[in-house]
Amino acid sequence: MTKRALITGITGQDGSYLAKFLLEKDYEVHGMVRRASTENFERIADLRDRVQLHQADLLDQLSLVRLIDRVRPHELYNLAAMSFVPTSFEQPLLTGEFTGLGVTRVLEAIRQVDPKIRFYQASSSEMFGSVREEPQTENTPFYPRSPYGVAKVYGHWITVNYREGFDIFACSGILFNHESPLRGKEFVTRKISDAAARIKLGVQDKLYLGNLDAQRDWGFAGDYVRAMWLMLQQDKPDDYVVATGEKHSVRQFVELAFQHVGLDWKKYVEIDPAFYRPADVHTLCGDASRAHRELGWKPEVTFPELVRMMVDADLKRVEKEIADEDAATR
Ligand code: NAP
Ligand code: G4F
């Protein structure tokens with residue numbers, strides 16, 4: 001039997017890695033996209049003829065019910081969210097609607113159409129915020145430090161609640177930061193890899209950053225989508241921390257990225273307080289023992305490999321952009 005999966009947020013970083021992963025497992029892959037005046041499908045361009053896209057929106061209950069009824073997926077991965085922490089301070093209500101209540105809308109649609117659908121919720125280490133212990137496990141209390149984190153705590157608990165209350169196979173993956181060459185350019189890792197490449201190639205002078213002391217447990221998105229899938233293949237649903245167990249500072253990321261292109265980062269990086277947050281998460285480090293034990297999951301890409309992968313991809317992309325511009329002006 002061919003399995004059908006529906007991915008909300010398929011145009012995002014994780015959505016594109018997950019779609020590719022499921023296609024390799026011979027799934028029929030459907031993706032939910034929201035209507036925009038210009039299509040935003042760059043990350044799934046090479047999968048476009050192998051995935052079926054449908055318009056719906058996390059803000060519109062009926063669109064979700066119709067979509068799930070039409071696709072009748074065996075597995076639904078809810079990756080769609082307003083995922084950028086600084087924007088959540090500027091648009092806290094919209095963030096609550098998308099990232100928090102949106103989860104309930106999807107769960108309600110599942111309950112109405114087919115409660116047998118297996119559900120994955122993209123929870124976040126941002127829920128640990130001002131950390132109560134280190135490393136953080138599935139049992140560490142939450143202390144979110146942003147409207148985004150608060151909305152994710154709601155999404156996490158509503159997932160647990162529908163599992164316990166309505167017997168839905170609902171899992172919450174508490175994923176620590178994961179990055180890739182497809183990461184949005186506003187997130188700090190991609191901002192750094194892109195700048196290291198542009199400065200090396202002579203098309204940027206400076207890189208302006210905020211809190212260099214912040215520490216994150218950074219892994220590779222390609223490894224993390226495997227954990228999402230594994231959660232939905234188990235006999236019973238549960239919540240899992242997915243992390244590398246190592247933390248590094250933003251400063252260390254910068255050092256490695258610039259070192260990789262043979263530059264001294266101190267000559268190019270400046271601090272701009274505009275990038276400080278009203279309340280930041282200073283440190284995160286996860287303990288993924290449960291995922292190792294029960295899912296057999298382990299990350300494969302190391303921190304230095306991740307940094308090099310991102311910088312190399314940006315070097316290649318920026319070189320091509322420069323060549324294309326030269327060709328156009330010739
Ligand atoms: P991302 O690149 O920002 O992608 C977010 C996706 O959500 C995009 O496809 C976006 O569509 C879609 N979306 C936003 N609002 C929507 C709406 N109202 N209706 C329909 N779709 C909507 O995020 P990501 O890094 O792939 O992360 C995936 C999920 O994991 C998110 O829920 C994020 O909060 C969570 N998470 C991420 C990390 C991480 O380190 N990456 C860690 C923990 C948890 P458009 O393309 O139209 O904008
Ligand atoms: O890359 P970031 O913006 O990621 P953040 O805030 O940790 O959130 C990401 O990971 C979460 C998982 O914990 C996800 F749930 C969430 O959706 C998202 O994917 O910032 C990382 C750190 C912060 O402490 C920030 O203050 O980097 C620091 N930073 C320093 N300078 C900066 C900058 N962040 C950004 N975005 N831009 C800067 O210039």
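This briefing walks through the sheet, the helices on it, the two ligands and one loop residue.

The model is predicted, so local features need pLDDT of at least 70 and side-chain atom pairs count only at pLDDT 80 or more, while totals for chains, interfaces and linings use all residues. Residues are numbered from 1 along each chain as its sequence is written, chains are lettered from A and ligands numbered from 1 in the order in which they are written, and side-chain values use heavy atoms, with hydrogens and water left out. At the heart of this briefing is an open sheet of seven strands, plus ligand 1, with 24 residues around it, and ligand 2, with 25.

**The sheet**

- The seven strands come in the order 3-2-1-4-5-6-11 and pair in parallel; strands here are DSSP runs of E with at least two residues, helices are runs of H or I with at least four, and both are numbered from the N terminus.
- Two strands count as paired if DSSP finds at least two bridges between them.
- At the edges sit strand 3 (51-55) and strand 11 (239-242), each pairing on one side only.
- From one strand to the next, the twist averages 20°; axes are lines fitted to C-alpha atoms (for helices, over the stretch in contact), and angles run from 0 to 180 degrees between N-to-C directions.
- Strand 1 (residues 4-8) and strand 2 (residues 28-33) run parallel, joined by five bridges.
- Thr8 has Met32 of strand 2 opposite it.

**Helices on the sheet**

- Helix 4 (residues 92-113) lies across strand 4 (75-78) and strand 5 (118-124), at about 170° to strand 5.
- Helix 7 (residues 221-231) packs on the sheet too, touching strand 4, strand 5, strand 6 (170-175) and strand 11, and its direction makes about 160° with that of strand 6.

**Ligand 1**

- Which residues come nearest to ligand 1? They are Thr11, Arg34, Asn40, Ser83 and Tyr148, out of 24 around it; a residue counts as near if one of its heavy atoms lies within 4 Å.
- Side-chain N or O atoms reach oxygen atoms of the ligand from Ser83 at 2.6 Å and from Lys152 at 2.9 Å; a polar contact here is a pair of N or O atoms within 3.5 Å.
- Gly9 uses a backbone N or O atom instead, 3.4 Å from an oxygen atom of ligand 1.
- Alone, ligand 1 exposes 910 Å², and the protein buries 89% of that; accessible areas come from the Shrake-Rupley method with a 1.4 Å probe.
- Helix 1 (13-24), strand 5 and helix 5 (147-166) each give two or more residues to the shell, and strand 5 gives the most, with three.

**Ligand 2**

- Closest to ligand 2 are Ser124, Ser125, Tyr148, Arg277 and Asp280, among 25 surrounding residues.
- Oxygen atoms of ligand 2 lie 2.7 Å from a polar backbone atom of Ser83 and 3.4 Å from one of Glu126.
- A nitrogen atom of ligand 2 is 3.0 Å from a polar backbone atom of Glu186.
- On its own ligand 2 has 720 Å² of accessible area, and the protein covers 95% of it.
- Helix 6 (188-200) and strand 8 (207-209) each give two or more residues to this shell.

**Tyr268**

- Tyr268 is found in the loop between helix 8 (250-260) and strand 13 (269-271).
- Beyond its neighbours within four places in sequence, Tyr268 is in contact with Ile199, Asp205, Lys206, Leu207, Phe258 and Leu263; contact means heavy atoms within 4.5 Å.
- Between the C-alpha atoms of Tyr268 and Glu42 there are 30 Å, with the two residues 226 apart along the chain.

How values were computed: A polar contact is a pair of N or O atoms within 3.5 Å; within protein, one must be able to donate a hydrogen and the other to accept it, and residues adjacent in sequence count only if both atoms are side-chain atoms.
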